[in-house]
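Welcome! Please take a look at the sequence and structure below, and then work through some exercises with their solutions.

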2 protein chains.
Amino acid sequence: MFSKACEYGIKAAIFIASNSFENRRVSPKEISEEIDSPQAFTAKILQALVKNNIVKSVRGAYGGFEIDKDKIATTKLAQIVYAIDGDGIYKGCGLGLHTCDENHPCPVHDKFKVIRDELQDMLGNTSLEQLALDIKSGVSFLKV
Amino acid sequence: MFSKACEYGIKAAIFIASNSFENRRVSPKEISEEIDSPQAFTAKILQALVKNNIVKSVRGAYGGFEIDKDKIATTKLAQIVYAIDGDGIYKGCGLGLHTCDENHPCPVHDKFKVIRDELQDMLGNTSLEQLALDIKSGVSFLKV
DNA sequence: TATAAATAAGATAAATTTATCCGAAATAAA
DNA sequence: TTTATTTCGGATAAATTTATCTTATTTATA
């Protein structure tokens, strides 16, 4: 569904958010341990999230990654996915046709549209806050 | 969503089915031209479909690929996807956790479950026949 | 039985994704 | 201002997916 990079990015953002609730900055090392991902690769993905204004980084001693508290509720999964994987998952054709729309549909166009629209809605309506709160309260988990 | 291999596999199966309605066998060359895919790679995917008993191949002169007429209606998209990509798309965790279920859910488990279940239903209920008939009647298209 | 036509199978190559490494730049604190 | 700490950025490597090529095997027909 999503690329590995995107999976790591989503989990990293959730972990950063859950720590930012308590004003704790976290390092790539800490992040990759908590989400069970390769550290250097995760650091690269974090840079992408920074460039896309989803998380904030503070360089130097006592630095790390954080998310502004008021941004945690307004940031949606869709933004993270878009920053890393683009919008192909919920915009592109299910069979890879470059030109696929109502007027020139691929064989599964209608059937896929339902699912992709639902996916897009879900990503657009799910906030980092919901996900981070579930982590903090122990309802859900970022690794096994 | 699906791998390239799977996209090609689905389109190839639809094209073969639409020809099998008229008892016409088709070659990898013809298939790759009609679905706009690399020929040798497509041939490899066809082998996988043969091994999984989704299409039938006839070697030698006047050979080619076909699907038994009575199989066209009973073959579902799910079988093709499973043969090439496995069931990760609608069975695996959205964030890649190996252990992710009701008891130990990832942060997006519930939200993804809805979509994956719907995807699984769709793939399980969509027959090659429906898709092939739309191609034959010009309602949908396999390439631009 | 010989020949031509076709798929099967294995080796290899190219492209993309995933992952690692290392030096540069920035920052807080001593 | 120096030092320790930390992210940034570029180069590189490994793994996977996508794609190609070449040879073997099968089969219908002359």
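The exercises below concern a predicted model, and each task is followed by its solution.

**Exercise 1. Getting to know chain A**

Task: Describe how many helices and strands chain A has, and in which pattern they follow one another along the sequence.

Solution:
- Step 1. Count the elements: there are eight helices and two strands in chain A.
- Step 2. Read them along the sequence, and the pattern of chain A is α-α-α-β-β-α-α-α-α-α.
- Step 3. Add the dimensions: along the principal axes, the C-alpha atoms of chain A fill a box of roughly 55 × 30 × 30 Å.
- Step 4. Look at burial and contacts: 40% of the 144 residues of chain A count as buried. Among contacts in chain A with a separation of 6 or more, 69% are between residues 24 or more positions apart.

**Exercise 2. Relating the two chains**

Task: Find the turn and the shift that lay chain A on chain B, and say what relation this is.

Solution:
- Step 1. A turn of 180° with a shift of 0.0 Å along the axis lays chain A on chain B with an RMSD of 0.0 Å.
- Step 2. This is therefore the relation of a two-fold axis.
- Step 3. Met1(A) has the C-alpha nearest the axis in chain A, 2.5 Å from it.
- Step 4. Both copies use the same surface, since 100% of the contact residues of chain A recur in chain B.

**Exercise 3. Where the chains touch**

Task: Work out how many residues of each chain are in contact with the other chain, and which helix of chain A gives the largest share of its side.

Solution:
- Step 1. The contact involves 32 residues of chain A and 33 residues of chain B.
- Step 2. On the side of chain A that touches chain B, helix 1, helix 7 (109-125) and helix 8 (128-136) of chain A each supply at least two residues.
- Step 3. Helix 7 of chain A gives the largest share, six residues.
- Step 4. Sorted by kind, the residues on this side of chain A are 17 nonpolar, eight polar and seven charged.

**Exercise 4. Buried residues**

Task: Locate the buried residues of helix 8 of chain A and decide how they are arranged around its axis.

Solution:
- Step 1. The buried residues of helix 8 of chain A are Leu128(A), Leu131(A), Ala132(A), Asp134(A) and Ile135(A).
- Step 2. Viewed down the axis of helix 8 of chain A, these buried residues lie within an arc of 160°, so they line one face of the helix.
- Step 3. They pack against helix 1 and helix 4 (69-72) of chain A.
- Step 4. Now take Ile14(A): beyond its neighbours within four places in sequence, its contacts are Leu128(A), Leu131(A), Ala132(A), Ile135(A), Leu142(A) and Pro107(B).
- Step 5. Ile14(A) also belongs to the largest nonpolar core, which has 79 residues. The residues with the most contacts inside this core are Ala13(A), Ile14(A), Ile16(A), Ala13(B) and Ile14(B).

**Exercise 5. Two residues to compare**

Task: Decide whether Cys6(A) is buried or exposed, and do likewise for Asn23(A).

Solution:
- Step 1. Cys6(A) is found in helix 1 of chain A.
- Step 2. Cys6(A) counts as buried because it has 22 C-beta neighbours inside 10 Å, and the cut-off for buried is 20 or more.
- Step 3. Not counting residues up to four places away in sequence, Cys6(A) touches Val81(A), Ile84(A) and Asp85(A).
- Step 4. Asn23(A) sits in the loop between helix 1 and helix 2 (28-35) of chain A.
- Step 5. Asn23(A) counts as exposed because it has 8 C-beta neighbours inside 10 Å.
- Step 6. Asn23(A) has a phi near 60°, which is a positive value in a residue other than glycine.

**Exercise 6. Around the DNA**

Task: Identify which residues come nearest to DNA strand C and which come nearest to DNA strand D.

Solution:
- Step 1. Around DNA strand C there are 24 residues, of which Lys4(A), Pro38(A), Ala40(A), Gly60(A) and Ser57(B) come nearest.
- Step 2. Helix 1 (4-20) and helix 3 (39-51) of chain A, along with helix 3 (39-51) and strand 2 (64-66) of chain B, give two or more residues to the surface near DNA strand C.
- Step 3. That surface near DNA strand C is made up of twelve nonpolar, eight polar and four charged residues.
- Step 4. Of the 24 residues around DNA strand D, the nearest are Ser57(A), Lys4(B), Pro38(B), Ala40(B) and Gly60(B).

Methods
Residues are numbered from 1 along each chain as its sequence is written. Chains are lettered from A and ligands numbered from 1 in the order in which they are written. This is a predicted model: local features need pLDDT of at least 70, side-chain atom pairs count only at pLDDT 80 or more; totals for chains, interfaces and linings use all residues. A residue is near a molecule or strand if its C-beta atom, placed from the backbone, lies within 6 Å of it. Helices (H or I, at least four residues) and strands (E, at least two) are DSSP runs, numbered from the N terminus. Ala, Val, Leu, Ile, Met, Phe, Trp, Tyr, Cys and Pro count as nonpolar, Asp, Glu, Lys and Arg as charged, and the others, Gly among them, as polar. Two residues are in contact if their C-beta atoms, placed from the backbone, lie within 7 Å. A nonpolar core is a set of buried Ala, Val, Leu, Ile, Met, Phe, Trp, Tyr and Cys residues joined through C-beta atoms within 7 Å. A residue is buried if 20 or more other C-beta atoms lie within 10 Å of its own, exposed if 12 or fewer, and partly exposed in between; C-beta atoms are placed from the backbone. Copies are superposed by least squares on the C-alpha atoms of residues with pLDDT of at least 70 in both. The arc is that of the directions from the helix axis to the C-beta atoms.
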